[in-house]
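Q: Please take a close look at the nonpolar core of this protein and at the aromatic side chains in and around it. I would like one connected account.

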Amino acid sequence: MEFYEPRGVRLNAMRRIDPDSRYEDEPSGPELDRYGFVGNHKQASETTLPVEVLRERELKWIEMLKHWDKWVSKKFKKVKERCRKGIPPSVRGQAWQQLSGSNEKAKENQGVFDRLDAASSPEWENDIKKDLCRTFPYHGMFSDNQGQGQSDLFRMLKAYSIYNPKTGYCQAMAPVAAVLLMHMTLEDAFWCFVMICEKYIPEYYEPKLEAVKLDAAIFGGLLEKCIPQVAKHMKTHRIDPLMYMTEWFMCILARNIPFSSVLRVWDMFFCEGVKVIFRTSVAMVKILLPPEQLPQCPGLFETNERLRHLENMQEDVLIPVSLSLKISEKLLRKEHEYHLSAQSKPR
(Lines give C-alpha, C1' and ligand atoms only; values in the text may rest on other atoms or scores of the structure.)
Protein backbone atom coordinates (compact mmCIF):
# COMPACT_ATOMS: atom_id res chain seq x y z
CA MET A 1 0.00 0.00 0.00
CA GLU A 2 1.46 3.34 -1.05
CA PHE A 3 0.90 6.50 0.95
CA TYR A 4 2.86 9.03 -1.05
CA GLU A 5 3.09 11.40 -3.96
CA PRO A 6 4.97 10.28 -7.09
CA ARG A 7 8.66 9.83 -6.35
CA GLY A 8 11.32 12.07 -7.83
CA VAL A 9 9.48 15.33 -7.26
CA ARG A 10 11.73 18.25 -6.39
CA LEU A 11 10.97 21.95 -6.24
CA ASN A 12 13.58 24.64 -6.81
CA ALA A 13 13.66 28.36 -6.10
CA MET A 14 10.61 28.25 -3.86
CA ARG A 15 9.49 31.32 -2.00
CA ARG A 16 6.70 32.03 0.43
CA ILE A 17 3.74 34.11 -0.66
CA ASP A 18 4.29 37.65 0.60
CA PRO A 19 1.55 40.07 -0.44
CA ASP A 20 3.56 42.98 0.96
CA SER A 21 6.69 42.30 -1.06
CA ARG A 22 7.81 45.29 -3.19
CA TYR A 23 10.60 43.51 -4.99
CA GLU A 24 9.82 42.63 -8.57
CA ASP A 25 13.21 41.09 -9.34
CA GLU A 26 12.97 38.24 -6.85
CA PRO A 27 13.89 34.80 -8.26
CA SER A 28 10.94 33.18 -9.94
CA GLY A 29 9.70 29.84 -8.68
CA PRO A 30 6.70 28.20 -7.05
CA GLU A 31 5.18 30.29 -4.26
CA LEU A 32 4.52 28.68 -0.91
CA ASP A 33 1.43 29.17 1.21
CA ARG A 34 1.58 29.96 4.92
CA TYR A 35 2.04 26.24 5.71
CA GLY A 36 4.94 25.73 3.34
CA PHE A 37 3.09 24.07 0.44
CA VAL A 38 3.22 25.14 -3.19
CA GLY A 39 0.25 27.42 -3.71
CA ASN A 40 -1.55 25.20 -6.23
CA HIS A 41 -0.94 21.87 -4.50
CA LYS A 42 -4.00 19.95 -3.30
CA GLN A 43 -3.06 20.50 0.36
CA ALA A 44 -2.25 24.19 -0.01
CA SER A 45 -4.70 26.28 1.99
CA GLU A 46 -5.18 29.60 3.71
CA THR A 47 -6.94 30.43 6.95
CA THR A 48 -9.50 33.24 7.03
CA LEU A 49 -9.15 33.94 10.76
CA PRO A 50 -8.79 37.69 11.42
CA VAL A 51 -5.42 38.74 12.82
CA GLU A 52 -7.02 40.33 15.89
CA VAL A 53 -8.82 37.08 16.77
CA LEU A 54 -5.65 35.06 16.23
CA ARG A 55 -3.67 37.40 18.49
CA GLU A 56 -6.32 37.24 21.22
CA ARG A 57 -6.28 33.43 21.15
CA GLU A 58 -2.49 33.42 21.14
CA LEU A 59 -2.36 35.44 24.37
CA LYS A 60 -4.88 33.10 26.00
CA TRP A 61 -2.81 30.06 25.05
CA ILE A 62 0.42 31.63 26.28
CA GLU A 63 -1.19 32.26 29.65
CA MET A 64 -2.67 28.76 29.71
CA LEU A 65 0.66 27.10 28.89
CA LYS A 66 2.33 28.98 31.76
CA HIS A 67 -0.05 27.28 34.21
CA TRP A 68 -0.68 24.07 32.30
CA ASP A 69 -1.17 21.62 35.19
CA LYS A 70 -3.77 23.87 36.77
CA TRP A 71 -5.72 24.24 33.54
CA VAL A 72 -5.67 20.52 32.72
CA SER A 73 -6.72 19.45 36.22
CA LYS A 74 -9.35 22.09 36.90
CA LYS A 75 -10.44 23.57 33.57
CA PHE A 76 -10.01 20.78 31.04
CA LYS A 77 -13.37 21.58 29.45
CA LYS A 78 -12.04 25.02 28.53
CA VAL A 79 -8.81 23.48 27.20
CA LYS A 80 -10.88 21.19 24.95
CA GLU A 81 -13.01 24.11 23.80
CA ARG A 82 -9.90 26.09 22.82
CA CYS A 83 -8.40 23.10 21.02
CA ARG A 84 -11.61 22.76 19.01
CA LYS A 85 -11.35 26.41 17.99
CA GLY A 86 -7.80 25.82 16.78
CA ILE A 87 -4.43 26.31 18.48
CA PRO A 88 -2.54 29.44 17.30
CA PRO A 89 0.42 28.56 15.03
CA SER A 90 3.00 30.24 17.29
CA VAL A 91 2.27 27.89 20.20
CA ARG A 92 0.96 24.82 18.38
CA GLY A 93 4.12 22.72 18.76
CA GLN A 94 4.40 23.48 22.47
CA ALA A 95 0.69 22.77 22.99
CA TRP A 96 0.88 19.41 21.22
CA GLN A 97 3.77 18.40 23.47
CA GLN A 98 1.83 19.38 26.59
CA LEU A 99 -1.38 17.71 25.46
CA SER A 100 0.36 14.46 24.52
CA GLY A 101 2.68 14.40 27.53
CA SER A 102 5.70 14.07 25.24
CA ASN A 103 7.58 16.79 27.14
CA GLU A 104 7.43 14.66 30.28
CA LYS A 105 8.39 11.57 28.29
CA ALA A 106 11.49 13.39 27.05
CA LYS A 107 12.46 14.43 30.59
CA GLU A 108 12.16 10.82 31.76
CA ASN A 109 14.40 9.66 28.91
CA GLN A 110 17.18 12.21 28.80
CA GLY A 111 20.04 11.11 26.56
CA VAL A 112 18.04 8.26 25.00
CA PHE A 113 17.40 10.02 21.71
CA ASP A 114 21.08 10.91 21.31
CA ARG A 115 22.02 7.24 21.71
CA LEU A 116 19.35 6.16 19.21
CA ASP A 117 20.43 8.86 16.78
CA ALA A 118 24.04 7.65 16.91
CA ALA A 119 23.08 4.02 16.30
CA SER A 120 22.34 2.35 12.97
CA SER A 121 19.28 0.39 11.85
CA PRO A 122 20.46 -1.88 9.01
CA GLU A 123 17.09 -3.58 8.63
CA TRP A 124 15.13 -0.38 7.98
CA GLU A 125 17.46 2.37 6.77
CA ASN A 126 17.10 1.63 3.05
CA ASP A 127 13.30 1.48 3.28
CA ILE A 128 13.22 4.80 5.13
CA LYS A 129 15.52 6.46 2.59
CA LYS A 130 13.32 5.30 -0.31
CA ASP A 131 10.31 7.08 1.20
CA LEU A 132 11.96 10.40 2.09
CA CYS A 133 11.50 12.05 -1.31
CA ARG A 134 7.87 10.90 -1.44
CA THR A 135 6.90 12.45 1.88
CA PHE A 136 5.37 15.90 1.28
CA PRO A 137 7.48 16.57 -1.85
CA TYR A 138 5.43 19.74 -2.46
CA HIS A 139 6.35 21.15 0.94
CA GLY A 140 9.32 23.50 1.16
CA MET A 141 10.81 21.69 4.14
CA PHE A 142 10.97 18.28 2.46
CA SER A 143 11.43 18.98 -1.26
CA ASP A 144 15.25 19.00 -1.24
CA ASN A 145 16.96 15.61 -1.21
CA GLN A 146 19.95 17.18 0.53
CA GLY A 147 17.92 19.43 2.82
CA GLN A 148 17.57 19.53 6.58
CA GLY A 149 13.95 18.38 6.44
CA GLN A 150 14.66 15.03 4.79
CA SER A 151 17.74 14.58 6.99
CA ASP A 152 15.73 15.10 10.19
CA LEU A 153 12.94 12.87 8.93
CA PHE A 154 15.41 10.06 8.26
CA ARG A 155 17.04 10.44 11.67
CA MET A 156 13.69 10.46 13.45
CA LEU A 157 12.28 7.38 11.70
CA LYS A 158 15.58 5.50 12.03
CA ALA A 159 15.68 6.31 15.76
CA TYR A 160 12.12 5.03 16.21
CA SER A 161 12.88 1.78 14.38
CA ILE A 162 15.60 1.15 16.99
CA TYR A 163 13.49 2.39 19.91
CA ASN A 164 10.66 0.02 18.97
CA PRO A 165 12.28 -2.93 17.13
CA LYS A 166 9.09 -4.98 17.30
CA THR A 167 7.38 -2.49 14.98
CA GLY A 168 10.41 -1.13 13.14
CA TYR A 169 9.29 1.11 10.29
CA CYS A 170 6.05 1.46 8.32
CA GLN A 171 5.44 3.77 5.35
CA ALA A 172 2.52 5.50 7.04
CA MET A 173 4.79 6.76 9.81
CA ALA A 174 6.59 9.23 7.55
CA PRO A 175 3.78 11.76 6.97
CA VAL A 176 2.95 11.78 10.68
CA ALA A 177 6.59 12.32 11.62
CA ALA A 178 6.91 15.06 8.99
CA VAL A 179 3.98 17.07 10.37
CA LEU A 180 5.59 16.98 13.81
CA LEU A 181 8.92 18.17 12.38
CA MET A 182 7.11 21.15 10.86
CA HIS A 183 6.22 22.28 14.39
CA MET A 184 9.07 21.33 16.72
CA THR A 185 12.70 20.31 16.98
CA LEU A 186 13.90 16.85 15.97
CA GLU A 187 14.12 15.42 19.49
CA ASP A 188 10.81 16.98 20.58
CA ALA A 189 9.15 15.59 17.45
CA PHE A 190 10.59 12.14 18.17
CA TRP A 191 9.08 11.94 21.64
CA CYS A 192 5.78 13.34 20.41
CA PHE A 193 5.75 10.60 17.77
CA VAL A 194 6.47 8.02 20.47
CA MET A 195 3.43 9.24 22.40
CA ILE A 196 1.24 9.05 19.30
CA CYS A 197 2.29 5.43 18.78
CA GLU A 198 1.98 4.42 22.43
CA LYS A 199 -0.94 6.50 23.69
CA TYR A 200 -3.15 7.49 20.76
CA ILE A 201 -2.94 4.79 18.08
CA PRO A 202 -1.15 1.84 19.72
CA GLU A 203 -0.23 -1.07 17.42
CA TYR A 204 -1.38 0.80 14.29
CA TYR A 205 1.95 0.17 12.60
CA GLU A 206 2.29 -3.51 13.46
CA PRO A 207 2.89 -5.69 10.38
CA LYS A 208 -0.55 -7.36 10.38
CA LEU A 209 -2.44 -4.09 11.02
CA GLU A 210 -4.78 -5.84 13.46
CA ALA A 211 -5.55 -2.58 15.32
CA VAL A 212 -6.39 -0.82 12.06
CA LYS A 213 -8.66 -3.69 10.99
CA LEU A 214 -10.49 -3.49 14.31
CA ASP A 215 -10.94 0.27 13.96
CA ALA A 216 -12.21 -0.23 10.40
CA ALA A 217 -14.93 -2.49 11.78
CA ILE A 218 -15.73 0.09 14.47
CA PHE A 219 -15.84 2.79 11.80
CA GLY A 220 -18.34 0.72 9.80
CA GLY A 221 -20.50 0.45 12.90
CA LEU A 222 -20.38 4.22 13.39
CA LEU A 223 -21.48 4.75 9.79
CA GLU A 224 -24.55 2.60 10.51
CA LYS A 225 -25.36 4.68 13.57
CA CYS A 226 -24.65 8.15 12.11
CA ILE A 227 -25.48 7.88 8.39
CA PRO A 228 -27.45 4.63 7.90
CA GLN A 229 -28.37 5.31 4.26
CA VAL A 230 -24.72 5.64 3.31
CA ALA A 231 -23.80 2.56 5.38
CA LYS A 232 -26.47 0.57 3.52
CA HIS A 233 -25.10 1.83 0.19
CA MET A 234 -21.60 0.72 1.20
CA LYS A 235 -22.83 -2.72 2.22
CA THR A 236 -24.84 -3.16 -0.98
CA HIS A 237 -21.77 -2.51 -3.10
CA ARG A 238 -19.41 -4.43 -0.78
CA ILE A 239 -17.28 -1.40 0.01
CA ASP A 240 -15.31 -2.31 3.10
CA PRO A 241 -14.06 0.66 5.16
CA LEU A 242 -10.51 -0.68 4.81
CA MET A 243 -10.68 0.24 1.13
CA TYR A 244 -10.69 3.96 1.85
CA MET A 245 -10.09 4.74 5.54
CA THR A 246 -6.81 2.88 6.09
CA GLU A 247 -4.65 5.79 4.96
CA TRP A 248 -6.90 8.32 6.71
CA PHE A 249 -6.37 6.62 10.06
CA MET A 250 -2.76 5.45 9.75
CA CYS A 251 -1.57 8.88 8.59
CA ILE A 252 -3.99 10.73 10.90
CA LEU A 253 -5.32 12.47 7.77
CA ALA A 254 -1.93 14.17 7.37
CA ARG A 255 -1.85 14.01 3.59
CA ASN A 256 -5.50 13.68 2.60
CA ILE A 257 -7.21 17.00 3.29
CA PRO A 258 -6.22 20.70 3.05
CA PHE A 259 -3.48 21.39 5.55
CA SER A 260 -5.41 23.98 7.54
CA SER A 261 -7.97 21.23 8.18
CA VAL A 262 -5.21 18.75 9.07
CA LEU A 263 -3.95 21.08 11.78
CA ARG A 264 -7.42 21.68 13.21
CA VAL A 265 -7.99 17.92 13.36
CA TRP A 266 -4.61 17.35 15.03
CA ASP A 267 -5.31 20.09 17.61
CA MET A 268 -8.41 18.15 18.68
CA PHE A 269 -6.73 14.75 18.29
CA PHE A 270 -4.00 15.57 20.80
CA CYS A 271 -6.65 16.74 23.26
CA GLU A 272 -9.44 14.17 22.78
CA GLY A 273 -7.72 11.16 21.28
CA VAL A 274 -8.50 8.83 18.39
CA LYS A 275 -12.22 9.63 18.74
CA VAL A 276 -11.43 12.74 16.69
CA ILE A 277 -10.22 10.64 13.73
CA PHE A 278 -13.39 8.53 13.83
CA ARG A 279 -15.57 11.64 14.08
CA THR A 280 -13.76 13.52 11.32
CA SER A 281 -13.74 10.52 8.98
CA VAL A 282 -17.47 9.96 9.43
CA ALA A 283 -18.00 13.66 8.71
CA MET A 284 -15.93 13.35 5.51
CA VAL A 285 -18.07 10.45 4.29
CA LYS A 286 -21.22 12.38 5.21
CA ILE A 287 -20.08 15.41 3.19
CA LEU A 288 -18.86 13.39 0.21
CA LEU A 289 -21.87 11.06 0.00
CA PRO A 290 -25.06 12.92 0.88
CA PRO A 291 -28.04 10.54 0.58
CA GLU A 292 -29.61 12.48 -2.29
CA GLN A 293 -26.44 12.01 -4.36
CA LEU A 294 -26.06 8.26 -3.81
CA PRO A 295 -27.80 7.47 -7.14
CA GLN A 296 -24.84 9.21 -8.83
CA CYS A 297 -22.60 6.49 -7.35
CA PRO A 298 -24.19 3.29 -8.68
CA GLY A 299 -21.27 1.02 -7.85
CA LEU A 300 -18.02 0.41 -6.05
CA PHE A 301 -15.87 2.33 -8.53
CA GLU A 302 -17.97 5.50 -8.55
CA THR A 303 -18.26 5.52 -4.75
CA ASN A 304 -14.55 5.04 -4.18
CA GLU A 305 -13.78 7.77 -6.71
CA ARG A 306 -15.97 10.17 -4.76
CA LEU A 307 -14.18 9.24 -1.54
CA ARG A 308 -10.79 9.99 -3.09
CA HIS A 309 -11.51 13.65 -3.81
CA LEU A 310 -10.95 15.44 -0.52
CA GLU A 311 -9.59 18.77 -1.76
CA ASN A 312 -12.75 20.62 -0.72
CA MET A 313 -12.59 19.53 2.92
CA GLN A 314 -11.82 23.06 4.09
CA GLU A 315 -11.86 23.64 7.83
CA ASP A 316 -14.94 25.88 7.76
CA VAL A 317 -16.89 23.01 6.16
CA LEU A 318 -15.36 19.91 7.76
CA ILE A 319 -14.96 20.93 11.40
CA PRO A 320 -18.59 22.05 12.03
CA VAL A 321 -19.95 18.83 10.51
CA SER A 322 -17.50 16.79 12.56
CA LEU A 323 -18.43 18.49 15.82
CA SER A 324 -22.14 18.07 15.10
CA LEU A 325 -21.87 14.27 15.12
CA LYS A 326 -22.92 12.51 18.32
CA ILE A 327 -20.02 10.11 18.72
CA SER A 328 -19.43 9.72 22.44
CA GLU A 329 -16.78 7.80 24.36
CA LYS A 330 -19.55 5.45 25.49
CA LEU A 331 -20.59 4.71 21.90
CA LEU A 332 -17.00 4.09 20.86
CA ARG A 333 -16.43 1.71 23.78
CA LYS A 334 -19.62 -0.17 22.92
CA GLU A 335 -18.60 -0.54 19.27
CA HIS A 336 -15.08 -1.52 20.30
CA GLU A 337 -16.31 -4.27 22.64
CA TYR A 338 -18.76 -5.59 20.06
CA HIS A 339 -16.30 -5.80 17.18
CA LEU A 340 -13.45 -7.06 19.35
CA SER A 341 -15.71 -9.89 20.47
CA ALA A 342 -16.78 -10.57 16.88
CA GLN A 343 -13.16 -10.75 15.71
CA SER A 344 -12.18 -13.16 18.45
CA LYS A 345 -14.91 -15.67 17.60
CA PRO A 346 -13.71 -18.68 15.56
CA ARG A 347 -14.86 -18.69 11.95
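A: Contact here means heavy atoms within 4.5 Å. The model is predicted. By that rule, and leaving aside neighbours within four places in sequence, Tyr-244 is in contact with Phe-219, Leu-223, Met-234, Ile-239, Val-285, Asn-304 and Leu-307.

Tyr-244 is a reasonable place to start. The largest nonpolar core has 107 residues, and Tyr-244 is among those with the most contacts inside it. The others named with it are Leu-180, Tyr-205, Trp-248, Trp-266, Phe-270 and Val-285. Val-285 is also one of the contacts of Tyr-244. Helix H10, residues 186–200, supplies the largest share of this core, with 10 residues.

Some overall figures give the setting. The protein has 18 helices and 2 strands. Of its 347 residues, 53% count as buried. Among contacts between residues at least 6 apart in sequence, 73% join residues at least 24 apart.

Next, the aromatic rings. The count comes to 22 aromatic pairs. In one of them, Phe-37 and Phe-259 are tilted, with 5.0 Å from centre to centre and 55 degrees between the planes. Phe-37 lies in the loop between strand S2 (31–32) and helix H1 (51–66), while Phe-259 lies in helix H14 (residues 259–272), so this pair ties together parts that are 222 residues apart in sequence. Both Phe-37 and Phe-259 are buried.

Another pair, Phe-190 and Trp-191, is edge-to-face, with centres 4.9 Å apart and planes at 80 degrees. Phe-190 has a relative accessible area of 0%, so it counts as buried. Trp-191 is buried too, again with a relative accessible area of 0%. Phe-190 and Trp-191 belong to one aromatic cluster that also takes in Phe-113, Tyr-160, Tyr-163, Phe-193 and Tyr-205. Of these, Tyr-205 was named above among the core residues with the most contacts.

Two rings have a charged side chain over them. The charged end of Lys-75 sits over the ring of Trp-71, at 4.7 Å from its centre. Arg-34 lies over the face of Tyr-35, 5.9 Å from the ring centre.

Helix H14, which holds Phe-259, also holds Arg-264. Although its side chain carries a charged group by name, the point to record is its accessibility: Arg-264 counts as buried because its relative accessibility is 14%, under the 20% limit. Its side chain reaches the backbone oxygen of Arg-84 at 2.7 Å. Leaving aside neighbours within four places in sequence, Arg-264 is in contact with Arg-84, Lys-85, Gly-86, Glu-315 and Ile-319. Arg-84 therefore appears both as a contact of Arg-264 and as the residue whose backbone oxygen its side chain reaches.

Last, the cysteines. The count of disulfides comes to 0. For Cys-251, the closest cysteine sulfur is that of Cys-170, and at 8.0 Å it is too far for a bond, because a disulfide needs sulfur atoms within 2.5 Å. Cys-251 is buried, with a relative accessible area of 0%. Cys-133 also counts as buried, at 16% relative accessibility.

Conventions. Residues numbered from 1 in each chain as written. Predicted model: local features only at pLDDT ≥ 70, side-chain atom pairs only at ≥ 80, totals over all residues. Heavy atoms only, no water. Core = buried A, V, L, I, M, F, W, Y, C linked by side-chain atoms within 4.5 Å. Buried < 20%, exposed > 50% of the residue type's maximum accessible area, 1.4 Å probe, protein only. Helix = DSSP H or I, 4+ residues; strand = E, 2+ residues; numbered from the N terminus. Phe/Tyr/Trp six-rings, centres within 6.5 Å; stacked < 30°, edge-to-face > 60°. Lys NZ or Arg CZ within 6 Å of the ring centre and 35° of its normal. Polar contact = N/O pair within 3.5 Å; in protein donor to acceptor, adjacent residues only side chain to side chain.
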